Every structure is written in C-alpha cells, then in structure tokens.
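Biologist: I should like to understand how a protein surrounds its ligand and where empty space is left inside it. May we go through the matter step by step?

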Amino acid sequence: MTTRRVPFFPYAQLFLAEEKALTNVMQDVLRRGAYILQKDCREFEQNLAKFLGVKHALGVANCTDGLHIALRAADIGSGDEVILPSHTFVATASAVHYAGATPVLADCGPDHLMDPASVAKLVTPKTKAIMPVQLNGRTCRMDDLQAIADKHKLTIIEDAAQSLGAKYKGKMAGSFGLAAAYSFYPAKNLGCFGDGGAVVTNDDDIAHKLYCMRDHGRNHDGVVEMWGINTRLDNLQAAVLNYRLAGYENIIAHRRNIATWYHERLHGLSKLTLPPSPEKDVYFDVYQNYEIEAENRDQLKVYLKEHGVDTLVQWGGKAIHQLDALGLSSNLPQTEKLFTRCLMLPLNMAVTEDDVEYISGLIRKFYP
Ligand SMILES: *Cc1c(COP(=O)(O)O)cnc(C)c1O
C-alpha cells in the first residue's frame with residue numbers, strides 16, 4: 001500500500017517552492033535599508049485597496065490589532081456589547097475585550113458561519129456592533145446581517161482574517177461593514193513570514209483615525225493627534241505580501257481546485273458533511289480551510305494520522321464559549337454539536353490531486 005506523508009501546512013516547503021523570487025524581494029528591501037512604513041508598504045496598501053475595491057487599506061502588525069483599532073476608531077468601548085460568533089479564533093473576542101466592550105457570542109448555522117437568526121436574538125439596548133467572521137474562506141449571509149444592523153442601528157466590523165478575495169453576491173468579504181481586518185499569518189491564504197495584517201474602510205474619517213492609531217497617534221505630518229499604539233506592518237513583510245498579492249488569483253484558483261477534487265471524491269458519503277463545492281452561485285469561496293463534519297471524528301483523525309495525513313480541529317477543538325478562562329460560557333447547541341464533528345483536511349498550495357486521491361481513499365476505507 002502506498003504511504004504518503006501529507007502535512008497539514010508545510011511552512012518551509014512553501015518558501016522553498018519560491019525561494020529565489022522571495023529572496024530577491026527581501027534582499028532588495030534589506031539593501032535599501034527600508035524597514036518601517038516605506039514605499040513597499042504604501043504600494044502594498046494601494047494594491048490591496050484596489051484588489052478589494054475599497055477606498056483605504058492600511059498595513060498593521062496583525063489582524064487582531066486591526067480589529068482592535070477598528071473598534072476604537074468606531075468609538076466602541078466600555079458599556080457596549082459586540083455580537084460575534086463563538087466559532088472563531090479567540091482573537092475576535094480579545095479585540096472586543098481589549099477595546100473595553102463585552103463580547104456576546106452567537107451560534108453558527110449549517111455553513112459553520114455566524115447564524116443571523118441567533119444574532120437577532122442577542123441584540124439588547126447595549127448592542128453597538130456586529131462582528132461577522134468570514135470563516136474558512138466563505139462570507140456570512142451579509143444581507144441578513146445588514147438588515148439586523150439597519151433595524152437596530154448597529155455598526156458592522158468584519159473579521160475577514162480568513163477570507164481575502166471571498167465574495168458574496170459579487171462583493172468582497174471585508175467590504176460590507178464600516179471597517180474590516182485581514183490576517184497575513186503564514187498559514188493564511190495570503191501569508192507572510194511572520195505576523196502581518198491589514199485594516200480597510202471606505203470611510204475617510206475612520207481611515208484617518210486608523211492611520212494615526214496604528215503609529216502612536218501620529219498623523220501624516222508626524223504630529224501626535226490622538227492616542228495610538230504601535231501596530232505597523234513591517235516593510236519587509238509588506239514587500240513579500242505585495243509580491244504574493246500579484247499572483248493571488250492563482251492561489252485562489254488552486255485552492256478552489258483542491259476543494260473540487262475533495263468534493264468529487266467524497267460527496268455522497270453519508271457519514272460526512274462537506275463544505276459547499278466551488279460552484280458559481282451567490283458565494284465565491286476562497287477555501288482558507290476545508291472544514292468537514294465527520295461521524296467518529298476523533299477515530300478518523302487518528303486513522304488518517306496513522307496513514308501519514310495530518311488534520312486539524314479548528315481552535316484546538318473549542319469554540320470561544322467553551323474557553324473556561326474567559327468566562328463567556330453560553331448555550332449554543334449548533335456550535336457545540338459542530339465541535340464534536342468538525343475536522344479540517346489539508347488544503348494548501350503544496351497539496352496535489354494525488355494527495356487528495358490518497359486522503360479520500362483512506363476516508364472511504366475508514367467508513368465501511
Ligand atoms: C488568524 C485569525 C485571526 C488573527 O489573525 P492574526 O493576524 O494572527 O492576529 C483572527 N480571526 C480569525 C478568524 C483568524 O483566523
């Protein structure tokens with residue numbers, strides 16, 4: 001029997017695949033001594049804004065900081081409640097907590113994303129914002145969330161960490177709300193070699209505040225105009241991101257191909273629920289993750305591991321309301337059920353059709 005080794009995310013291999021080009025990009029920056037807020041960062045910000053069709057994009061040190069300063073720029077803080085899904089990275093809730101507001105956790109729908117019906121039930125007089133998380137490379141049902149926001153005059157700030165380039169009804173994830181943040185963590189669809197992020201908005205006033213807040217409160221003239229923090233995107237990372245953004249369409253296309261390969265080989269198995277396949281409909285998904293639901297999930301995970309295939313349960317297996325240290329426990333039946341079943345199969349730029357064939361064969365063998 002063939003034994004393959006399919007790592008979940010081969011960090012070094014993905015650098016080596018483009019070593020020469022990436023080394024040239026970095027050497028060029030280093031030789032210019034251009035480290036902080038230099039032209040590479042500005043160019044990346046312009047290209048990113050253009051790609052997304054938004055007015056302003058600003059590089060920040062990571063997505064978490066981007067969400068944090070977006071909340072602060074929108075005057076969301078002490079006494080305010082912000083509704084977000086429990087099925088997300090702890091960072092979404094931390095950004096709200098450190099802005100001084102209270103995270104309120106919503107249940108998920110069958111698509112694993114924030115369920116608008118659950119959100120509607122959580123609105124109180126203290127609710128100030130909704131923070132949809134565009135999870136797994138897919139966009140939430142933004143028109144339903146927008147309707148709730150309109151009805152109660154709530155601000156929408158999107159956590160688009162996982163969904164650069166995803167679309168809903170032709171509009172980019174991250175371009176729906178007042179502001180949004182993206183992550184360029186190495187394993188994200190557009191990854192750099194360390195931490196990186198961006199925050200975007202179409203609002204000129206918010207953009208100005210974000211510009212100042214990410215750099216010690218300093219405005220375009222270097223004058224301190226307000227309180228700020230240091231959350232700049234390193235110029236070296238920006239240069240890498242700018243290089244990779246130029247080829248991002250190919251990255252999306254390959255990820256969508258992998259999703260198609262999985263779908264072709266795994267659909268129809270009664271013990272599995274698959275993510276939607278990349279058909280043309282109101283969703284354009286970019287497959288940051290391929291998160292399936294599986295019966296006997298834990299045994300399947302062990303079986304795949306024994307045969308050389310690494311898988312991952314998102315967030316270490318716990319939704320935010322299940323993180324005891326944070327004290328946000330809540331009754332979210334859909335999310336709880338999902339967390340006994342969810343599993344992410346390898347999906348990255350190194351995964352080949354042969355890998356998918358091998359993994360799918362194992363899964364078919366596992367379920368007699
Ligand atoms: C990765 C991720 C973040 C955090 O991004 P950082 O750049 O590491 O701060 C936030 N939310 C979600 C949904 C993520 O996947």
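The following exchange concerns a predicted model, its ligand and its empty spaces.

Biologist: How many residues surround the ligand, and how do they divide into nonpolar, polar and charged?

Modeller: A residue counts as near the ligand if one of its heavy atoms lies within 4 Å of it. By this criterion 15 residues surround the ligand, and Cys63, Thr64, Asp159, Ser183 and Lys188 are the closest. The shell divides into 6 nonpolar, 7 polar and 2 charged residues.

Biologist: Which residue has a side-chain N or O atom 2.7 Å from an oxygen atom of the ligand?

Modeller: A polar contact requires a pair of N or O atoms within 3.5 Å. A backbone N or O atom of Cys63 lies 2.9 Å from a ligand oxygen atom, and a side-chain N or O atom of Lys188 is 3.2 Å from a ligand oxygen atom. The residue with the side-chain atom at 2.7 Å is Ser183.

Biologist: What percentage of the accessible area of the ligand does the protein cover?

Modeller: On its own, the ligand has 380 Å² of accessible area. The part of this area covered by the protein is 93%.

Biologist: Which elements give two or more residues to the shell around the ligand?

Modeller: The ligand takes up the space of the largest pocket, and the lining of that pocket receives at least two residues from each of α4, α5 and β13 (342-345). For the shell around the ligand, the elements that give two or more residues are α4 (63-73) and α5 (90-98).

Biologist: How much space lies in the largest pocket?

Modeller: Its lining consists of 33 residues, and those nearest its centre are Gln162, Tyr185, Ala187, Lys188 and Trp315. The lining of this pocket divides into 18 nonpolar, 11 polar and 4 charged residues. The space in the largest pocket is about 670 Å³.

Biologist: How much space lies in the largest cavity?

Modeller: Rolling a probe the size of a water molecule over the atoms shows where empty space is left. The structure holds 1 cavity of 30 Å³ or more. The space in the largest cavity is about 40 Å³.

Biologist: How do the residues lining the largest cavity divide into nonpolar, polar and charged?

Modeller: The lining of the largest cavity includes Ala161, Leu164, Ser183, Lys188 and Tyr248. Gln162, Asn189 and Gln288 are also among its lining residues. The lining divides into 4 nonpolar, 5 polar and 1 charged.

Technical notes. Residues are numbered from 1 along each chain as its sequence is written. This is a predicted model: local features need pLDDT of at least 70, side-chain atom pairs count only at pLDDT 80 or more; totals for chains, interfaces and linings use all residues. Side-chain values use heavy atoms; hydrogens and water are left out. A polar contact is a pair of N or O atoms within 3.5 Å; within protein, one must be able to donate a hydrogen and the other to accept it, and residues adjacent in sequence count only if both atoms are side-chain atoms. Accessible areas come from the Shrake-Rupley method with a 1.4 Å probe; for residues, only the protein chains shown count as cover. On a 1 Å grid over the protein atoms alone, a cavity is a set of points where a 1.4 Å probe fits but cannot get out, and a pocket is an open set with protein on both sides within 12 Å along at least five of seven lines; lining residues have an atom within 4 Å of a point. A molecule sits in a cavity or pocket if more than half of its atoms lie within 2 Å of its grid points. Helices (H or I, at least four residues) and strands (E, at least two) are DSSP runs, numbered from the N terminus. Ala, Val, Leu, Ile, Met, Phe, Trp, Tyr, Cys and Pro count as nonpolar, Asp, Glu, Lys and Arg as charged, and the others, Gly among them, as polar. Grid points are joined across faces, edges and corners, and a volume is the space filled by probe spheres set on the points.
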